[in-house]
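Colleague: Could you take me through a close look at one part of this model, the place where its pieces touch one another? I'd like to follow it while I have the structure open.

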Amino acid sequence: MLKYTEDHEWLKQEGDEIVVGITAHASEQLGDVVFIELPEVGREVEAGEEIVVIESVKAASDIAAPVAGVITAVNEALTDAPGAVNDDPMAAWFFRIRPASADLSGFLDEAGYQALIG
Amino acid sequence: MPMADLRRTTLYDLHLARGAKMVPFAGWEMPVQYPMGVLNEHLHTRAHAGLFDVSHMGQVILRGPAAAQALEALVPADILGLAQGRQRYGLFTNDRGGILDDLMIANKGDHLLLVVNAACAEQDIAHLRQLEAQGISVEPVTDRGLLALQGPQAQAVLERLVPGVAAMRFMDVAEFDWQGATLWLSRSGYSGEDGFEISVPGDRAVALAEALLAEPEVAPIGLGARDSLRLEAGLPLYGHDMDGSTPPGEVGLGWSIPKVRRAGGARAGGFPGADLILKGLAQGPARSRMGLRPEGRAPIREGVEIFDAAEGGAGLGKVCSGGFGPSVGGPIAMAILPAALRPGATVWAELRGRRVPVTIAPLPFHEPSYKR
């Protein structure tokens, strides 16, 4: 089941890892994405630490780690084809993280996220 | 400024109906993009034709027997030598030898028609009013919209609606009738493409825009793509690449000041800041506007600092315009840097605490295709 952050990330639990991307709403707000910088695999990150740089035709923004943990994989394909974030944001994952705590109950569910973006 | 205080062009409802995202710009509420998106709007304009609402720009008529001569006291261009039916680019300069605004000047026979930047329009009109003492009438045009139709198919599209326009050449101006409305046309624009700017009576602007958009080649284009198009074309934008402290030579606009207005010319000087500006042009600028191609895909934007070394070293200047060039297929930028730097030289941009190698590139990034 998908969870969402208030920063417009989607989180998908797969085994003991969480896959992270951004929502369709976020990708629409950003506009055409032209550059993505991903974190290094193996990096230990804090919750809220900005670990992805995403540049659209309009502006630069950051994506924060939703939880503390270790980055286990990144979607290298996005580096060469950042537009995938606009084409299919739910498929264009950014990174996988193995969280220090597996509890995602504090995040928004689908209904909560829809209420957030109105 | 709250959105409620922003001015709206006559095409406001049309923008909303076409799904535009509206943003504040120079005191106006303007479309930054439509559902097509900035990238595709840019590419569409380069391949077909794009329709831009530029009604926020200031249109001003100068009337009076000696209007051209009078305007030369504010603008260091050859306006007396501007033939009827022709348009020319020029600058308002200030006493500090900087630039107050850039503008287009058209000779329409019994008057001059100026087009100035939206953000500067009020100040420019106040500045022009000093010519009233010489019997020149300064008439802001408030009852007209301004559209720009740009791209390789602009001529074919407009010729279908307004027969005869195909005969115009780059920087020609002419009046044409469209269904009873008098259009003031110029064959110019700010996209690096062939095209037209069309001044249309305000109450007919929506009808003309809809008629143009009904043509298969035409899509509405927002300010986002307008900016990336002009950046690729190496065209400077007032308030970003130049301001009141920028000498014309540094921003690469010395060409707009012809010999006749320079030292030794028949009408040398006689404009604000002439001594400083002419001296600067004679010496050659110490700094000049140049293109930048960052390594990799990360854009370097306005304000990013440029250095002469990968670590430490000296600051050379700041990016004045930068972003992603959709037709170039990568990040591009412009900066005013020491004039001795040549295309191919490497400098470094400080981006998020890291130095990124940047190659000095010739301007423009994308060769314009004007119909001369």
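**Where the pieces meet**

Modeller: Happy to! In this predicted model, 14 residues of domain 1 of chain B make contact with 16 residues of domain 2 of chain B. On the domain 1 side, two elements of chain B supply two or more residues each: α2 (38–47) and α7 (223–232). The larger share comes from α2(B), which gives four residues, the most of any element on that side. Sorted by class, this side of domain 1 holds six charged, five nonpolar and three polar residues.

To find your way around, it helps to have the domain bounds at hand. In chain B, domain 1 is assigned to two stretches, 3–58 and 143–232, while domain 2 covers 287–372. Their centres, taken over C-alpha atoms, are 29 Å apart.

One residue to click on next is B:His240, which sits in the loop between α7 and α8 (274–283) of chain B. Leaving aside residues up to four places away in sequence, B:His240 touches B:Glu302, B:Cys320 and B:Ser321. Is B:His240 buried or exposed? Neither label fits: because it has 16 C-beta neighbours inside 10 Å, B:His240 counts as partly exposed, given that buried takes 20 or more and exposed takes 12 or fewer. For a sense of distance, B:His240 lies 70 residues from B:Phe170 in sequence, and the two C-alpha atoms are 26 Å apart.

Now to the residue of chain B that carries a record. UniProt lists B:Glu197 for "binding site", in an unreviewed entry. You will find B:Glu197 in strand β12 of chain B, residues 195–201. Here the burial label is clear: B:Glu197 is buried, because 25 other C-beta atoms lie within 10 Å. Beyond its sequence neighbours up to four places away, B:Glu197 touches B:Leu146 and B:Ala148, along with B:Ser186, B:Ser188 and B:Gly189.

Chain A comes into the picture through its own contact with chain B. Nine residues of chain A are in contact with twelve residues of chain B. On the chain A side, β4 and β6 are the elements that give two or more residues. With three residues, β4(A) gives the most. The chain A side divides into four nonpolar, four charged and one polar residue.

Those two strands belong to a sheet that is worth tracing. β4, β6 and β7 of chain A line up in that order as an open sheet of three strands, with antiparallel pairing. β4 (33–37) and β7 are at the edges with a single partner strand each, so one side of each has no neighbour in the sheet. From one strand to the next, the twist averages 25 degrees. Four bridges pair β4(A) with β6(A), and A:Phe35 has A:Glu55 as its bridge partner in β6(A). On to the other pair: β6 (residues 50–56) and β7 (residues 60–64) of chain A run antiparallel and are joined by five bridges. There, A:Val53 is partnered by A:Asp62 in β7(A). β6(A) and β7(A) make a hairpin, with three residues between them.

What does UniProt list at A:Lys58? An unreviewed entry gives "modified residue: N6-lipoyllysine". A:Lys58 is placed in the loop between β6 and β7 of chain A, the two strands of the hairpin just described. A:Lys58 counts as buried because it has 22 C-beta neighbours inside 10 Å. Apart from residues up to four places away in sequence, A:Lys58 touches A:Gly31 in its own chain and B:Gly224 in chain B. On the chain B side, that brings us back to α7 (223–232), one of the elements on the side of domain 1 that touches domain 2.

Stepping back, UniProt also places "domain: Lipoyl-binding" at residues 17–98 of chain A, again from an unreviewed entry. Over that stretch the chain is 43% strand and 18% helix, and its end C-alpha atoms are 5 Å apart.

Terms used: Residues are numbered from 1 along each chain as its sequence is written. Chains are lettered from A and ligands numbered from 1 in the order in which they are written. This is a predicted model: local features need pLDDT of at least 70, side-chain atom pairs count only at pLDDT 80 or more; totals for chains, interfaces and linings use all residues. Domain bounds come from an automatic or database domain assignment. Two residues are in contact if their C-beta atoms, placed from the backbone, lie within 7 Å. Ala, Val, Leu, Ile, Met, Phe, Trp, Tyr, Cys and Pro count as nonpolar, Asp, Glu, Lys and Arg as charged, and the others, Gly among them, as polar. UniProt positions are given in the numbering used here, feature names are shortened, and annotations may be inferred rather than shown by experiment. Two strands pair if DSSP finds at least two bridges between them. Axes are lines fitted to C-alpha atoms, for helices over the stretch in contact, and angles run from 0 to 180 degrees between N-to-C directions.
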